[in-house]
Amino acid sequence: MSEKIYPICKFCGATFIPLKDMTAEEAETYALGQCDCEDAKEYRKKENNIRKLKLYIDDFENYCTSRDSKLTEEIKTIMLNSGRMIINNEIEAVNIKVSPINIKISMNSNGNIVLNFTYKDSKKTEVVWCLSLLLMKIKIRTYSHYW
Ligand SMILES: [Zn+2]
């Protein structure tokens with residue numbers, strides 16, 4: 001019989017009762033998801049922000065495709081890496097210009113990662129915000145004006 005693995009918070013050491021047999025990795029994830037200590041909350045917030053960032057980048061890629069612009073793997077990597085640095089408070093915001101699109105990644109006052117971009121051609125300007133009001137949901141507002 002193998003020894004039972006208990007979920008232990010890696011930050012504060014709180015131990016939780018496992019609901020089922022878990023691997024060491026599952027136990028760690030479970031503890032981080034359950035613990036009420038500040039470090040675990042901070043960790044969950046960062047993980048959520050990284051998940052959102054990835055969704056935003058996917059969504060942005062769809063947007064680019066719909067505008068006949070190709071989002072390269074290199075640019076996606078830059079967006080992901082700089083977004084991670086923002087989430088880790090290493091940098092405040094980044095602007096990436098890939099004409100005709102201007103991308104901005106930043107953090108709002110609630111500590112949520114925000115991606116917004118502006119598409120501009122001779123006929124119109126679109127400002128698109130990817131922001132999450134509900135966890136794991138993307139809300140996009142598009143303002144277009146023609147002149
Ligand atoms: Zn903890």
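## Close-up views of a predicted model

**View 1. The whole chain at a glance.** Three helices and five strands make up the secondary structure of the chain. Keep in mind that this is a predicted model. Walk along the sequence and you meet the elements in the pattern α-α-α-β-β-β-β-β. The chain has 147 residues, and 17% of them count as buried. As for contacts with a separation of 6 or more, 28% come from residues 24 or more positions apart.

**View 2. Helix α1 and what covers it.** Here we look at α1, which spans residues 24-34. Which residues of this helix are buried? They are Y30, A31 and L32. Part of the cover over the buried residues of α1 comes from α2, residues 38-66.

**View 3. Where α2 meets α3.** Next up is the pairing of α2 with α3, the helix at residues 73-87. Their axes come within 10 Å of each other and cross at roughly 155°. Since angles over 145 degrees count as roughly antiparallel, that makes α2 roughly antiparallel to α3. The crossing itself is right-handed. On the α2 side, the contact is made by K46, N49, I50, L53, I57 and E61. Facing them from α3 are K76, M79, L80, G83, R84 and I87. Sorted by class, this contact has six nonpolar, two polar and four charged residues. A handy thing to know when looking at the spacing of such residues: an α-helix has 3.6 residues a turn, so residues three or four places apart point the same way.

**View 4. The largest nonpolar core.** This core has 15 residues, and Y56, F60 and L115 have the most contacts inside it. Which elements give two or more residues to the core? They are α2, α3, β2 (101-107) and β3 (113-120). Zoom in on L115 and you'll find it touching Y56, F60, I105 and C130, leaving aside residues up to four places away in sequence.

**View 5. A separate core.** Apart from the largest core lies another, made of five residues. Among them are Y30, A31, L32 and C35. Y30, A31 and L32 are the buried residues of α1 from View 2.

**View 6. S122 in its loop.** S122 sits in the loop between β3 and β4, the strand at residues 124-131. Is S122 buried or exposed? With 6 other C-beta atoms within 10 Å, S122 is exposed, because a residue with 12 or fewer counts as exposed. P100 is 22 residues away from S122 in sequence, while their C-alpha atoms are 9.8 Å apart in space.

Conventions. Residues numbered from 1 in each chain as written. Predicted model: local features only at pLDDT ≥ 70, side-chain atom pairs only at ≥ 80, totals over all residues. Helix = DSSP H or I, 4+ residues; strand = E, 2+ residues; numbered from the N terminus. Buried ≥ 20, exposed ≤ 12 C-beta atoms within 10 Å, placed from the backbone. Contact = placed C-beta atoms within 7 Å. Axes fitted to C-alpha atoms, helices over the stretch in contact; angles between N-to-C directions. Parallel < 35°, antiparallel > 145°, perpendicular 65-115°, else oblique. Left-handed = near helix turned anticlockwise from the far one by under 90°. Nonpolar A, V, L, I, M, F, W, Y, C, P; charged D, E, K, R; others polar. Core = buried A, V, L, I, M, F, W, Y, C linked by C-beta atoms within 7 Å.
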